[in-house]
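Open your viewer in cartoon mode and let us take a short walk through this fold together. We will select one element at a time and look at what surrounds it.

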Amino acid sequence: MEILTGIPIEKILVDNNCNDVSFDALDKIIIGDCLVVLKKIATDSIDLVITSPPYFQQRDYGNGDFGVGNEATEEEYLENLLNIFSECVRVTKPTGAIVFNLGDKYINGALSLLPYKFAIKAIEDKKVFLINQITWSKLNPTPRQDKRKLIQATEPFFIFAKSKNYHFDLENYLKHLDDLNKSSKSKPSDKLGKQYFELIENSDLEISQKETARKSLQEVILAVHNGEIDSFRMKIKGIHKEAYGGMEGGRNNQIRNNGFTIIKILGNKLKKDLIESPVEMTKDNQHPAVYPLYIIQELIKLLSKENDVVLDPFCGSGTTCVAAKNLKRKYLGVEINPEYVNISNERLKQVTFTQELFV
Ligand SMILES: C[S@@+](CC[C@H](N)C(=O)[O-])C[C@H]1O[C@@H](n2cnc3c(N)ncnc32)[C@H](O)[C@@H]1O
């Protein structure tokens, strides 16, 4: 299939000897079949891929035979998806991540589990591993008429990485919830940890072990007062029970060898593999399947840094590109349907940097 625009894609679609994509050709949406475009992008050149491919036989995006999702069988759909996924993996840097959002579908009244079939196949050749499967909990799911099924209100976002060296900025993910948590949290009490000092004194630990235990306890109390951690628990030999069935080499060993262990509670309780957001209902957006800008922005904050390159091969109405632009990342979108590219470009024009205040 031919690429339909005059965008100077030759600048970005470099050969595999070149490690970088050319930046002046970024911040564009290319009209075309993503498999064709992906094949021309240099290996290890993209920091983050975030995308939502069409779900199996769910919607007609008007793309005829080239449109993913229109396949006659599940097998063909998965094969097409996996070919595109493996190109996404190839173009991603070793420090990068690939995020695929997929929805499940009822076929003859039974859930197909297609997202999970995809994820299992995606990790089969061991070129990537799954860091997390984040569940999007929809606050306003589509009501169903079927009285013998519950409403489907969740969808997975699979986060894959190519190496253990993937970029992961936990601090910037859902930061607004942290800030909220901190402002609603009362100051730690002056008595924090005092009981442990008494327990150490009354324990059968050796003198040197007691000294180390007191020092470690002081440090961890300070960390709570400084807001570095949320709280902690201490276990002291002869006083607290060892963990039931604990493995050798874990906490039980620390207790046996050092006389104590300290379990730090990091205070990222809100950073679970669950994210809540309504389905986007922007009345001006004519695309039928827009994913939430909020989730995509949070994932971009988690998995990339400013000026990194974010790619969406199934760009639709450009949510990923808008999120990337809001957060000062470079973007590259690919979309087969020119009408959706127009919508994306219109949305992108509206992004001014004052919007950063709200992200
Ligand atoms: C689920 S939508 C993505 C919506 C997008 N996340 C958003 O928020 O607007 C999937 C998109 O993939 C496009 N598409 C389907 N097959 C394609 C292909 N082979 N190459 C590029 N885009 C394709 C469809 O036209 C559709 O717009």
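Start with the sheet in this predicted model. Its eight strands form an open sheet with mixed pairing, in the order S1-S12-S11-S2-S3-S7-S6-S10. Now colour residues 28-31 (strand S1) and 274-277 (strand S10): these two stand at the edges with a single partner strand each, so one side of each has no neighbour in the sheet. Turn the view and you can follow the twist, which averages 20° from one strand to the next.

Stay with S1 and add residues 330-335, strand S12. The two strands run parallel and are joined by four bridges. Show Lys28 and you will find Leu332 of S12 opposite.

Next, bring in two helices. Select 338-350 for helix H10, which lies across S1 and S12 and runs at about 175° to S1. Then select 319-326 for helix H9, which lies across S1, S2 (46-51), S11 (309-312) and S12, at about 170° to S12.

Our last stop is helix H3, residues 114-124. Which of its residues are buried? Show Leu114, Pro115, Phe118, Ala119 and Ala122 as sticks: those are the ones. Look down the axis of H3 and they fall within an arc of 140°, so they line one face of the helix. An α-helix has 3.6 residues a turn, so residues three or four places apart point the same way.

What do the buried residues of H3 pack against? Select helix H2 (74-91), strand S3 (92-101) and strand S7 (154-161) to see their partners. On the other side of H3, Ile120 and Glu124 are exposed. Finish at Lys126, which follows H3 and has a positive phi, near 65°.

Notes
Residues are numbered from 1 along each chain as its sequence is written. This is a predicted model: local features need pLDDT of at least 70, side-chain atom pairs count only at pLDDT 80 or more; totals for chains, interfaces and linings use all residues. Side-chain values use heavy atoms; hydrogens and water are left out. Two strands pair if DSSP finds at least two bridges between them. Axes are lines fitted to C-alpha atoms, for helices over the stretch in contact, and angles run from 0 to 180 degrees between N-to-C directions. Contact means heavy atoms within 4.5 Å. Buried means under 20% relative accessible area, exposed over 50%, partly exposed in between (1.4 Å probe, protein chains only). The arc is that of the directions from the helix axis to the C-beta atoms.
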